[in-house]
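Please open the model in your viewer and keep the sequence panel beside it. The stops below are meant to be taken in order, with a new selection at each one.

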Amino acid sequence: MTSIAHPRKAARTTTTATTGGAVAATTAVRAGTGAGALAVLRVATGAVFLWAFLDKLFGLGYATKSASAWINGGSPTKGFLSRVAVGPFESTFHAIAGARWADWLFMLGLLAIGLAVTAGIALRPAAAAGTLMMLLMWAAEWPLARFTSAGEPSMSTNPLIDYHVVYALALIAVALTTAGATRGLAHWWATLPAVRDHTWLR
């Protein structure tokens, strides 16, 4: 005997299939939008580090004057660290201000973190190094204090969450997600033998 499908049942099946397809399509669009947003966050965060490196290297006239550029004999750390006037590590930062090893570590850190995050590779080590750098800079500014060691207002606007913390969180966010896969080189990077054997390099 030939089976005849019930019209209402067939309609419900068609509606369910159509709805399921629409939901899947909407989910895919949202996933794509989320991945795109993370990629924008990644590139923007990497550009912050790259710009700081270039400005201090060449003295582009923004935070660093041409005469103070690293290529002109200036120190990338002396100006900032020598002016630290607050917090429990004030004397420590003064002691390392302008040291050759501190200049090299700082500049290489800015360059490596900026390139890695912008390209979407080695996001985990870049996030770890960048978070450490931001923590040290946060400690140098010590936003917890309302007054400097000289009794002047510290100009701190938030005792806990400042831009260093935000940058660190952005680095951690892109490292823990697939931000490097969109408009980045994460897929190629993951195929390298050293990276396959040591997932912490991803």
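The tour begins with the whole chain and then moves through selected helices, loops and aromatic side chains.

**The whole chain**

This is a predicted model, in which local features need pLDDT of at least 70 and side-chain atom pairs count only at pLDDT 80 or more, whereas totals for chains, interfaces and linings use all residues. Residues are numbered from 1 along each chain as its sequence is written, and side-chain values use heavy atoms, with hydrogens and water left out.

Show the chain as a cartoon: there are eight helices and zero strands, where helices (H or I, at least four residues) and strands (E, at least two) are DSSP runs numbered from the N terminus. Along the sequence the pattern reads α-α-α-α-α-α-α-α. Of the 202 residues in the chain, 31% are buried; buried means under 20% relative accessible area, exposed over 50%, and partly exposed in between, with a 1.4 Å probe and protein chains only.

**Annotated spans and helix α4**

Colour residues 35–54, 101–119, 126–145 and 165–186, which an unreviewed UniProt entry annotates as "transmembrane region"; the positions follow the numbering used here, feature names are shortened, and such annotations may be inferred rather than shown by experiment. Residues 101–119 are 100% helix and 0% strand, with end C-alpha atoms 27 Å apart. Residues 165–186, by contrast, are 59% helix and 0% strand, and their end C-alpha atoms lie 25 Å apart.

Now select helix α4, residues 100–119, whose 20 residues should span 28 Å at 1.5 Å a residue, and whose end C-alpha atoms are indeed 28 Å apart; the expected span is 1.5 Å times one less than the number of residues. Which residues of α4 are buried? They are Ala102, Asp103, Phe106, Met107, Gly109, Leu110, Ile113, Gly114, Ala116 and Val117. Step just past the helix to glycine 120, which follows α4 and has a positive phi, near 85°.

**Aromatic pairs**

Next, display the aromatic side chains. The structure holds six aromatic pairs, a pair being rings of Phe, Tyr and Trp (its six-membered ring) with centres within 6.5 Å; planes under 30 degrees apart count as stacked, over 60 as edge-to-face and the rest as tilted. Tryptophan 51 and tyrosine 62 have ring centres 5.4 Å apart and planes at 75°, so this pair is edge-to-face. Because tryptophan 51 lies in helix α1 (residues 7–58) and tyrosine 62 in the loop between α1 and α2 (78–82), the pair ties together parts that are eleven residues apart in sequence. Tryptophan 51 is partly exposed, at 41% relative accessible area, while tyrosine 62 is exposed, at 65%.

Move on to tyrosine 163 and tyrosine 167, an edge-to-face pair with 5.9 Å from centre to centre and 80° between the planes. Both tyrosine 163 and tyrosine 167 lie in helix α6 (residues 163–176), four residues apart, about one turn of the helix. Tyrosine 163 is partly exposed, with a relative accessible area of 41%, and tyrosine 167 is also partly exposed, with 29%.

**A nonpolar surface patch**

Return to tryptophan 51 and add Leu54, Phe58, Leu60, Tyr62 and Ile71: with Trp51 they form a nonpolar patch on the surface, with about 630 Å² of accessible area together. Patches are made of residues with over 30% relative accessible area and no salt bridge, like charges being joined within 9 Å and nonpolar side chains (Val, Leu, Ile, Met, Phe, Trp, Tyr) within 5 Å. A salt bridge is a side-chain nitrogen of Lys or Arg within 4 Å of a carboxyl oxygen of Asp or Glu, and accessible areas come from the Shrake-Rupley method with a 1.4 Å probe, only the protein chains shown counting as cover for residues. Leucine 54, in helix α1, is partly exposed at 34% relative accessibility.

**Around tryptophan 138**

Select Phe89, Trp138 and Trp142, which form one aromatic cluster. Tryptophan 138 lies in helix α5 (residues 123–141); is it buried or exposed? Tryptophan 138 is buried, with a relative accessible area of 14%. Measuring C-alpha to C-alpha, you will find leucine 160 at 9.3 Å from tryptophan 138, 22 residues apart in sequence, and tyrosine 163 at 8.7 Å from tryptophan 138, 25 residues apart.

**Loop residues to finish**

Tryptophan 142 is in the loop between α5 and α6 and has a positive phi of about 45° although it is not a glycine. Leucine 144, in the loop between α5 and α6, is partly exposed at 40% relative accessible area, and its C-alpha atom is separated by 8.2 Å from that of glycine 87, 57 residues apart along the chain. Finally, select arginine 183 in the loop between α6 and α7 (186–190), where phi is positive, near 55°, in a residue other than glycine; arginine 183 is exposed, with a relative accessible area of 78%.
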